[in-house]
Amino acid sequence: MTQNNKHKEKDIFYMKRALRLAKKGEGYVSPNPLVGAVIVKNGQIIGEGYHQKYGEAHAEINAIDSSIQSVKNATLYCTLEPCCHTDKQTPPCVNRIIAEGIKKVVVASHDPNPKVSGKGFEILKKAGIEVVQGILVEENELLNRFYMNSVINQLPYVTLKIAQSLDGYISHKKNEQYWLTGDTAKHLVHQWRSTHDVVLIGLNTLRVDNPELTVRYGKKRNPLRIVLCESTKVDPGLLIFKQEPKDNTWIISTKENQRKLSKKLGKTGCQVIGLKTNSNNQLKIRTVLKFLAKKKITSVLVEGGQQIFSQFIERGLWNELNIIIAPKILSSGVKGIEIESHKKLPPLHLYKTKKLGEDILLTYKKISQKI
């Protein structure tokens, strides 16, 4: 084995640890990226850390502060380019790295944020610090797909979740709740909820399923609950309006219906938001996503129903399609997706498959999609 290969293997080893640390921040750091850091000196890990919560210290600072000895002349492994701007709640990490005398920084990915994007590397290099880039970059970009997409495309990362039968139905008939998948799939969906900023449904799903849209398994971090609602016929007694905190439930409707809904739902504590509509007085999905992006929301998990799924897919406003197939044949009922024209739909790439008890998870992305 050549010396270069030995160095690369060592870099990969420590970067894998940094990525595992970064993952611990899932659900807590948005709209910031997930970042982990490991400090190595004389072949030993002397400090490590990760970004634990939005507004708090970054991974590099936590790693330095946790070090059991001086980090001077040590190597810092970090999953993302260290920040260098002051437009945030914490000071730039590059300043601390330079001040502490770290001699080498190994990074997975550059930060696409224009305020950083290569500038962090340049500052470190000018200070005489060796910089190595591109170690496990694909793994880090997958972990940080929400952040990367929000910075590059200026829209939240949209994950669609459809549970259906083998023949593509989500229910026996319209306006009837029908539970298809097993406990393993249910637990996974709750895990997805805990890592997304928002879980979103349509009004019909709210009426029929009466969901709580909370996380009841595993990590108990609840997302923002959003209902797209073009009608004023909403029952304030539904379970979603009884979840805490009350203002963590948003009803997004038309400007025309906003006042009526606010009056009707005012005592529930939920927020009613009115947005511009199209010529048919319907909410535009892109308008909704742009609004959420302005609120610094980086990820949305869409859980139903047919009309909502179909709108996101037809308009190409999604990043990841997760279809959970139950071993059942309904033969008739409500299809998960109903598209009028398939001509404009992009070809799909089967990105991942997974067995969930007796169910099967199929994860698709658009072939042209980079993130």
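I took a salt bridge to be a side-chain nitrogen of Lys or Arg within 4 Å of a carboxyl oxygen of Asp or Glu. The structure is a predicted model.

**Entry 1: salt bridges**

I searched the whole structure on that definition and got eleven salt bridges. I then looked up some of them one by one.

I began with R17 and E48, whose closest N and O atoms are 2.7 Å apart. R17 sits in helix α1 (residues 3-23) and E48 in strand β2 (residues 44-50), so the bridge links distant parts of the chain, 31 residues apart. I checked the exposure of both ends. R17 is partly exposed at 29% relative accessibility, and E48 is partly exposed at 25%.

Next I looked at E320 and R145, whose side chains form a salt bridge with an N to O distance of 3.3 Å. Because E320 belongs to strand β13 (residues 320-325) and R145 to helix α6 (residues 145-153), this pair ties together parts that are 175 residues apart in sequence. I asked myself whether E320 is buried or exposed. E320 has 9% relative accessibility, so I noted it as buried. R145 also counts as buried, at 19%; the cut-off for buried is under 20%.

I then took R193 and E303, where the closest N and O atoms of the salt bridge are 2.7 Å apart. Here R193 is in helix α7 (residues 183-195) and E303 in strand β12, with their positions 110 residues apart in the chain. R193 is buried with a relative accessible area of 8%. E303 is buried with 12%.

I also found a network of salt bridges that links D65, R96 and E100.

**Entry 2: strand β1 and its partners**

I went through strand β1 (residues 36-41) residue by residue. Six of its six residues are buried, so I put the strand down as largely enclosed by the rest of the structure. Which residues lie on each side of β1? I have G36, V38 and V40 on one side and A37, I39 and K41 on the other, and both faces are covered.

I looked up the neighbours in the sheet. β1 pairs with β2 in the antiparallel sense over six bridges. In that pairing I find V40 opposite I45 of β2. The hairpin of β1 and β2 has two residues between the strands, and N42 there takes a positive phi near 55°. β1 also pairs with β3 in the antiparallel sense, over four bridges. The bridge partner of V38 in β3 is Y77.

**Entry 3: T75**

I looked at T75 in strand β3 (residues 75-80). T75 has a relative accessible area of 11%, so I count it as buried. Leaving out residues up to four places away in sequence, I list its contacts as V38, I39, V40, K104 and V106. V38 and V40 are on one side of β1, and I39 is on the other.

**Entry 4: helix α11**

I checked helix α11 (residues 306-314) for burial and found I308, F309, S310, Q311, F312 and I313 buried. What do the buried residues of α11 pack against? I recorded the strands β6 (157-164), β8 (198-202), β9 (224-228) and β12 (299-304), together with helix α10 (285-294). Strand β12 came up before in these notes, as the place of E303. Just after α11, I noted a positive phi of about 70° at G316.

Terms used:
Residues are numbered from 1 along each chain as its sequence is written. This is a predicted model: local features need pLDDT of at least 70, side-chain atom pairs count only at pLDDT 80 or more; totals for chains, interfaces and linings use all residues. Side-chain values use heavy atoms; hydrogens and water are left out. Buried means under 20% relative accessible area, exposed over 50%, partly exposed in between (1.4 Å probe, protein chains only). Contact means heavy atoms within 4.5 Å. Two strands pair if DSSP finds at least two bridges between them.
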